[in-house]
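I open this notebook to keep a record of what I look up in the model, entry by entry. Each entry starts from something I wanted to find and ends with what I found.

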Amino acid sequence: MAEPVITLTTDFGLRSPYAAAMKGVILGINPQARVIDLSHSIPPQDLRQAAFFLRHAVPYFPADVIHVVVVDPGVGTERALLYVKTGSHQLLVPDNGCWTVLADQARESLTVIRLTQLAYWRCPVSATFHGRDILAPAAAHLSLGVDPARLGVVVTEWVGLETASLAWNAEGMRGEVVFVDDFGNLITNIPAEFLVRLATPPKVVQVGERMVRLSWVETYGQAGPGTVVGLVGSGGTFEIAVAQGNAARQLAADMGTPVLVVVEG
Amino acid sequence: MAEPVITLTTDFGLRSPYAAAMKGVILGINPQARVIDLSHSIPPQDLRQAAFFLRHAVPYFPADVIHVVVVDPGVGTERALLYVKTGSHQLLVPDNGCWTVLADQARESLTVIRLTQLAYWRCPVSATFHGRDILAPAAAHLSLGVDPARLGVVVTEWVGLETASLAWNAEGMRGEVVFVDDFGNLITNIPAEFLVRLATPPKVVQVGERMVRLSWVETYGQAGPGTVVGLVGSGGTFEIAVAQGNAARQLAADMGTPVLVVVEG
Amino acid sequence: MAEPVITLTTDFGLRSPYAAAMKGVILGINPQARVIDLSHSIPPQDLRQAAFFLRHAVPYFPADVIHVVVVDPGVGTERALLYVKTGSHQLLVPDNGCWTVLADQARESLTVIRLTQLAYWRCPVSATFHGRDILAPAAAHLSLGVDPARLGVVVTEWVGLETASLAWNAEGMRGEVVFVDDFGNLITNIPAEFLVRLATPPKVVQVGERMVRLSWVETYGQAGPGTVVGLVGSGGTFEIAVAQGNAARQLAADMGTPVLVVVEG
């Protein structure tokens with residue numbers, strides 16, 4: 001049988017010993033667990049970026065994997081820590097909404113448990129590092145076969161996350177840049193389903209204050225170098241790129257920049 | 001039985017093939033070994049940062065894990081390479097003092113062996129990459145069950161590391177910033193034991209040249225945004241943070257900045 | 001028996017969910033596979049840097065490891081995706097030449113297969129993320145024991161990569177900086193074999209426009225701080241360093257900077 005897998009997604013950065021400490025705690029409880037880094041470079045305390053990351057990483061994993069997420073601006077306050085099972089995915093995560101994007105497709109099969117059972121925590125618990133002292137040990141115990149129900153109490157309310165704005169009006173579909181990847185591609189929250197319903201692909205898009213003419217392509221390489229292109233990205237939303245270039249730089253755009261897909265008469 | 005675990009902590013950075021080469025060497029000798037990255041982003045040749053990292057990462061790991069550390073400004077000189085067993089922790093590390101913080105709690109159970117047995121090294125050994133050619137193969141052989149005593153000769157002297165200054169005087173406790181994490185929190189070397197002995201929590205701290213009034217909290221979230229707070233950090237020392245902000249930027253502090261906890265009355 | 005190992009080398013960076021998605025896809029097909037990160041910090045779409053990385057990482061791995069490489073400026077165009085077996089090394093890689101450095105030593109035992117069998121791909125295949133949708137699943141199927149011949153058709157032509165220039169003339173050996181590591185060391189493409197044939201070690205080197213006097217050493221630590229030194233690096237080529245300093249900064253050199261080893265008399 002395959003060994004249990006625990007993934008880590010944090011905003012700890014790479015110089016800090018925090019992620020290493022979590023790995024040590026996990027292996028101390030379950031030496032068989034395999035720990036896989038997803039990212040430790042979520043921008044500090046940026047819940048929206050954490051949500052985007054989880055939305056585009058977790059669904060590709062098989063069932064039984066346990067995803068530990070530590071982007072936790074409220075550490076040490078009264079905010080809860082949760083075990084979440086949504087569809088086939090399991091997460092251990094602070095109650096700050098960054099995981100709720102994963103529940104949209106699976107409301108019917110959602111279990112949320114507030115972690116209360118100190119027996120599965122490190123002792124003592126520090127006030128500022130619940131990732132190491134609560135979430136990591138809880139994940140390790142789960143990976144040993146502990147029933148999630150034993151970790152705490154089922155809850156039916158949790159914190160939501162204000163999602164990026166998305167609205168349809170007379171001019172077209174208005175959304176925003178929700179991620180800029182290392183290639184400078186602008187990933188928006190405008191769904192492919194909207195674009196495929198258009199009679200013709202969009203030719204003009206407003207990025208921030210700027211009106212931009214774009215070539216509609218299926219992939220980056222279909223246009224000449226420097227051309228601004230529009231396409232459906234690998235995550236299923238509208239994406240703006242510059243062939244062999246950097247759209248974020250060229251269009252002076254960043255996360256949060258409003259994007260309007262102009263629909264012609 | 002769980003597979004043997006080897007961790008890597010280096011200053012190689014992420015673009016270089018050096019850490020990858022070490023992983024290949026380890027797997028070539030022991031395909032069962034599990035290699036876990038702790039960090040490859042220790043600042044280049046910064047032994048104090050390496051020491052801080054090890055101090056706050058290694059103790060969380062279970063016994064039997066082998067920690068390979070390659071922060072090695074003296075590579076290729078006469079400096080020794082060591083196998084260290086301190087308490088339940090095993091390290092393979094250059095003789096430069098970065099590991100000695102781990103020995104403070106465990107002097108009684110300390111074994112240090114200078115690596116001399118070429119049979120456990122790659123051949124030929126390059127003059128500039130002992131991590132790949134000596135430490136990685138030694139770790140892999142250990143993970144196969146080789147007795148550490150066969151790697152070389154027991155030594156009773158090794159290089160120390162000048163630790164950050166810490167002194168008590170009429171004004172209070174004077175230490176320094178020993179780490180700035182990715183949140184901008186200032187972690188000092190002033191121990192929690194000192195703080196808990198005070199009649200009242202400190203209200204004023206001097207950071208560099210600057211006198212700073214602070215609110216004493218148990219965790220970041222207990223003060224309003226922008227407030228400078230003092231607390232005991234997750235590593236057990238005095239830490240200065242700014243609630244929902246960045247203390248390093250706001251107080252113009254960095255590693256090495258002197259910190260004085262002012263004691264009143 | 002050891003579990004199958006799949007390594008990942010990409011230019012995705014650390015903030016993006018792309019590498020995480022690939023890990024999920026692999027584990028979904030083969031939960032036993034062990035996924036090892038080599039680097040996700042290859043400079044975006046930089047094939048030469050990818051080639052340098054592979055050249056100095058892959059040869060250290062044992063046979064049977066599967067190396068997935070996603071530096072893919074041509075994603076979605078007609079460029080092929082390849083399975084390559086060169087000597088004992090297996091790669092899954094876009095047909096852009098970044099792997100061909102590994103074939104130089106092993107032309108006799110080279111198998112190249114163009115991936116055509118959709119049965120081993122995710123469905124549907126996105127136009128912009130073949131790493132996730134084709135290479136990762138192909139690697140996972142291989143790790144389950146699928147015969148590479150079933151992935152596609154053998155090809156005998158592939159894209160090459162223009163390598164860095166290297167020429168011998170009256171003045172000496174002219175090459176270039178092919179990598180600058182995190183220590184600022186300048187790694188050139190001038191082979192050690194050339195240097196050892198010289199009557200005396202080189203004393204002067206031209207780096208860009210600058211004539212530099214250097215001390216020939218075997219390792220960084222043999223010269224006083226700030227001294228410019230020349231040596232044979234751990235990858236077997238001529239390397240310029242500054243003892244306890246940063247040669248790239250001190251000599252204003254970067255990747256691609258021409259280097260002339262001046263041969264006297």
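Is strand β2 (residues 34-39) of chain A mostly covered or mostly uncovered, and how many of its six residues are buried? Before answering I note that I am working with a predicted model. I counted six of the six residues of β2(A) as buried, so that the strand is mostly covered, taking buried as under 20% relative accessible area.

**Entry 1: the partner of β2 in chain A.** I then looked for the pairing of this strand and found that β1 (residues 5-10) of chain A and β2(A) run in the parallel sense, joined over five bridges. Within that pair I located Leu8(A), which stands opposite Asp37(A) in β2(A).

**Entry 2: chain A as a whole.** I stepped back to the overall make-up of the chain and listed five helices and 16 strands for chain A. Of its 265 residues, 60% are buried, and the C-alpha trace spans about 65 × 40 × 40 Å along its principal axes. I also looked at how far along the sequence the contacts reach: among those in chain A between residues at least 6 apart, 64% join residues at least 24 apart.

**Entry 3: the sheet in chain B.** Turning to chain B, I traced an open sheet of seven strands, with mixed pairing, in the order β2-β1-β3-β5-β4-β6-β7. Its edges are β2 (34-39) and β7 (152-154) of chain B, each of which pairs on one side only. On average, and with direction ignored, neighbouring strands of this sheet are turned by 25° against each other. For a closer look I chose β3 (residues 66-70) and β5 (residues 89-94) of chain B, which pair in the parallel sense over three bridges; here His67(B) has Leu91(B) in β5(B) as its bridge partner.

**Entry 4: helices across the sheet.** I next asked what lies across these strands. Helix α3 (residues 130-143) of chain B lies across β1, β3, β4 (81-86), β5 and β6 (110-115) of chain B, and runs at about 175° to β3(B). Helix α1 (residues 18-29) of chain A lies across β1 (5-10) and β2 of chain B, at about 145° to β2(B).

**Entry 5: chains A and B together.** That helix led me to the interface, where 32 residues of chain B are in contact with 31 residues of chain A. The two chains bury about 2,700 Å² between them, with 60% of it on carbon and sulfur atoms. Across this interface the rule finds one salt bridge; Asp182(B) forms a salt bridge with Arg15(A), and their closest N and O atoms are 3.1 Å apart.

**Entry 6: the relation of the copies.** I superposed chain B on chain A and obtained an RMSD of 0.0 Å, by a turn of 120° and a shift of 0.0 Å along the axis. The two copies are therefore related as by a three-fold rotation axis. They use different surfaces, in that 9% of the contact residues of chain B recur in chain A.

**Entry 7: one residue in chain C.** Last, I looked up Ala138(C), which is placed in helix α3 (residues 130-143) of chain C. Its relative accessible area is 1%, so Ala138(C) is buried. Leaving aside neighbours within four places in sequence, I found Ala138(C) in contact with Leu92(C), Leu115(C) and Tyr120(C). I also noted the separation of 9.5 Å between the C-alpha atoms of Ala138(C) and Ile29(C), which are 109 residues apart along the chain.

Methods. Residues numbered from 1 in each chain as written. Chains lettered and ligands numbered in written order. Predicted model: local features only at pLDDT ≥ 70, side-chain atom pairs only at ≥ 80, totals over all residues. Heavy atoms only, no water. Pairing = 2+ DSSP bridges. Helix = DSSP H or I, 4+ residues; strand = E, 2+ residues; numbered from the N terminus. Axes fitted to C-alpha atoms, helices over the stretch in contact; angles between N-to-C directions. Contact = heavy atoms within 4.5 Å. Least-squares fit on C-alpha atoms with pLDDT ≥ 70 in both. Buried < 20%, exposed > 50% of the residue type's maximum accessible area, 1.4 Å probe, protein only. Buried area = accessible area lost by both parts, 1.4 Å probe. Salt bridge = Lys/Arg side-chain N within 4 Å of Asp/Glu carboxyl O.
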